[in-house]
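Please open your viewer and keep the selection panel at hand. We will go stop by stop, with a note on what to select each time.

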Amino acid sequence: MAKWDSCGSSPAFKQPHWTQIPFTDQKQEFNRPPTRTVRSMSQSSTDSFASVHSDTSDDESSPRDKLQKSTKGPSDFCIKNISQADFGRKEIEMAGREMPALMNLRKRAGGEKPLAGAKVVGCTHITAQTAVLIETLVALGAQCRWAACNIFSTQNAVAAALVKAGISVFAWRGESEDEFWWCIDHCVGTETWQPNMILDDGGDLTDWIYKKYPELFKNLKGVVEESITGVYRLYQLSKAGRLSVPAMNVNDSVTKQKFDNLYFCKESVLEGLKRTTDIMFGGKQVVVCGYGEVGKGCCAALKALGAIVYVTEVDPICALQACMDGFRVIKLSEIVRHIDMVITCTGNKNVVMREHLDKMKNGCIVCNMGHSSSEIDLAGLRSSDLKWVHVRPRVDHVIWPDGKRIVLLAEGRLLNLSCSTVPSFVLSITAATQAMALIELYNAPEGRYNKDVYLLPKKMDEYVASLHLPIFDAHLTELSDDQAKYMGISKHGPFKPNYYRY
């Protein structure tokens, strides 16, 4: 088996033949007329959509209390309803058509199986797009077990389809806090199955293993983390000298920051708000807390629909960017009485506190686009003097004694993945980045990575981007030998130094 070695700066670097990108060959493939999928409004299609995107069910009992059976695949799983598998398979197939990078990885690397022998335990959102990633990892030779990183984002039918395909999944939409940790614990599977790779989103899985099963780190080759929250936890461990394996910070890779965080949030924040509140954005006064890539995407989308957008920031560089983009930077306390909506995007905690919530006007919408619900003071909202009224899936009215109410979405959890569908194409970029990071850590020779947190090699970032260009019929200009020498770079990349800011 040809070992994967992606570190372009290494003298031993040899790029596997399947990573060579024949743009001319792919152009023909992507220029073919697409196979049209017509979704009729038949009962089956309605059931399919409801099974994937709704949390309603006649059976409100916990899957933990049921005997889990599958005609095919493992019995080691816990999901809502295995009978929804066929609906979930349709969703996965639809997502796959919009995820060209993963499809190409399957074709090019499938023969070499760069993840043969890898046992990947994952904790991410379980959606149709993540299912395409999981099945790509399996196609590359890995064994996988999966839990959900968010209690509201799991698509039950997709989880069923994965189980039917032979993958152990422990997740369902609407888990309680206790069920969430129960699923992670059972996913780790220490008695019958021990992982050697972790793919995490938010750091909960990694943290759980550190606290309950620290002995597993003896066999782990690395951790891949894709969220700012989880990356922060890893850097804390590293600083304290407690990080016992190499970790790959995917969140700060160029392809994650500049595409997922920006474009993904730019499109999905509006759909999440529309589906839950039916709001019209024109003329609404909105505060976006944080002007990182997520905040930039949210602000751009809201501004385009006529909202009056304010930004809160702690970083003077991000604040200056917001000013130059035409947004007023202000403290939340200075504008809180007048706003119609507040969206948190900081990845921090205690951003919107009870003192802010008390001052908001009647009907103000409060939601979060960061990974964790810690940005909003939920404990303050659950005090005895306030009344909660559940009005729609993922929509609660919190009512003050004088009758004032605010509209809280997804109980402060991630708005877009909890309340709407998401664009598969952008997630193709993130998923491919995650896959490449797993391949890199799993195949890295002894001594390349220490027990520290690393960024994805820039050569791999460029490779992920190049996998998506054929769908746009994009043609890259090639450097001449003289130009490459003048710039002091290779004709084949990396094209920018590590310190370059895109």
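Two strands count as paired when DSSP finds at least two bridges between them. With that in mind, select strand β13 (residues 395-399) and strand β14 (residues 405-409), which are antiparallel and joined by 5 bridges. Pick out H397 and you will find its bridge partner in β14, V407. Keep in mind throughout that this is a predicted model.

**The whole chain**

Now zoom out. The protein has 19 helices and 15 strands. Of its 502 residues, 54% count as buried. Among contacts with a separation of 6 or more, 72% are between residues 24 or more positions apart.

**The mixed sheet**

Return to β13 and β14 and colour the sheet they belong to. This open sheet has 8 strands in the order β9-β8-β7-β10-β11-β14-β13-β12, and its pairing is mixed. At the edges are β9 (328-329) and β12 (387-392), each of which pairs on one side only. Add helix α10 (residues 254-277), which packs on the sheet and touches β10, β11 (365-368), β12, β13 and β14. The direction of α10 makes about 125° with that of β14.

Next, select β7 (residues 285-289). Is this strand enclosed or open to the outside? Since 4 of its 5 residues are buried, β7 is largely enclosed by the rest of the structure. Look to either side of V288 for its partners. In strand β8 (residues 308-312) the bridge partner of V288 is V311, and in strand β10 (residues 341-344) it is I343. β7 and β8 run parallel, joined by 5 bridges, while β7 and β10 pair in the parallel sense over 4 bridges.

**Across the top of β7: helix α11**

Follow the chain out of β7. It passes through helix α11 (residues 293-304) to reach β8, and this β-α-β crossover is right-handed. Put a distance marker on the end C-alpha atoms of α11: they are 17 Å apart, which agrees with the 16 Å that 12 residues should span at 1.5 Å a residue.

Switch on the side chains of α11. The helix is mostly covered, with 9 of its 12 residues buried; including E293, V294, K296 and L302. Elements covering these buried residues include α10, β7, β8, α12 and β10. Just after the helix, stop at G306, where phi is positive, about 95°.

**The annotated site**

Which residues does the UniProt annotation "binding site" cover? The record, an unreviewed entry, lists G292, E293, V294, G295, K296, G297, E313 and N416. Select them together, then visit two of them in turn.

- G292 sits in the loop between β7 and α11. Its relative accessible area is 26%, so it counts as partly exposed.
- E313 is in the loop between β8 and α12 (316-324). With 24% relative accessibility, E313 is also partly exposed.

Show the surroundings of E313: leaving aside residues up to four places away in sequence, E313 touches G290, Y291, G292, C318, A319 and V329. G292, from the annotated set, is thus among the contacts of E313.**The parallel sheet**

Hide that region and colour the other sheet. This open sheet has 7 strands in the order β3-β2-β1-β4-β5-β6-β15, with parallel pairing. The edges are formed by β3 and β15 (453-455), each with a single partner strand, so one side of each has no neighbour in the sheet. From one strand to the next, the twist averages 20°.

Zoom in on the β3 edge. β2 and β3 pair in the parallel sense over 3 bridges, and R145 stands opposite S168 in β3. Then add helix α5 (residues 128-139), which lies across β1, β2 and β4 (197-200) and runs at about 160° to β2.

**Last stop: helix α7**

Select helix α7 (residues 177-188). What is the distance between its end C-alpha atoms? They lie 17 Å apart, in agreement with the 16 Å that its 12 residues should span at 1.5 Å a residue.

Show the buried side of the list next: E179, F180, C183, I184, D185, C187 and V188 are the buried residues of α7. Their cover includes β1 (119-124), β2 (143-148), β3 (168-170) and α8 (204-212). Finish at G189, which follows α7 and has a positive phi, near 60°.

Definitions and conventions:
Residues numbered from 1 in each chain as written. Predicted model: local features only at pLDDT ≥ 70, side-chain atom pairs only at ≥ 80, totals over all residues. Heavy atoms only, no water. Helix = DSSP H or I, 4+ residues; strand = E, 2+ residues; numbered from the N terminus. Expected span 1.5 Å × (residues − 1). Buried < 20%, exposed > 50% of the residue type's maximum accessible area, 1.4 Å probe, protein only. Contact = heavy atoms within 4.5 Å. Axes fitted to C-alpha atoms, helices over the stretch in contact; angles between N-to-C directions. Right-handed = clockwise from strand over helix to strand, strands pointing away. UniProt positions renumbered as here; feature names shortened; annotations may be inferred.
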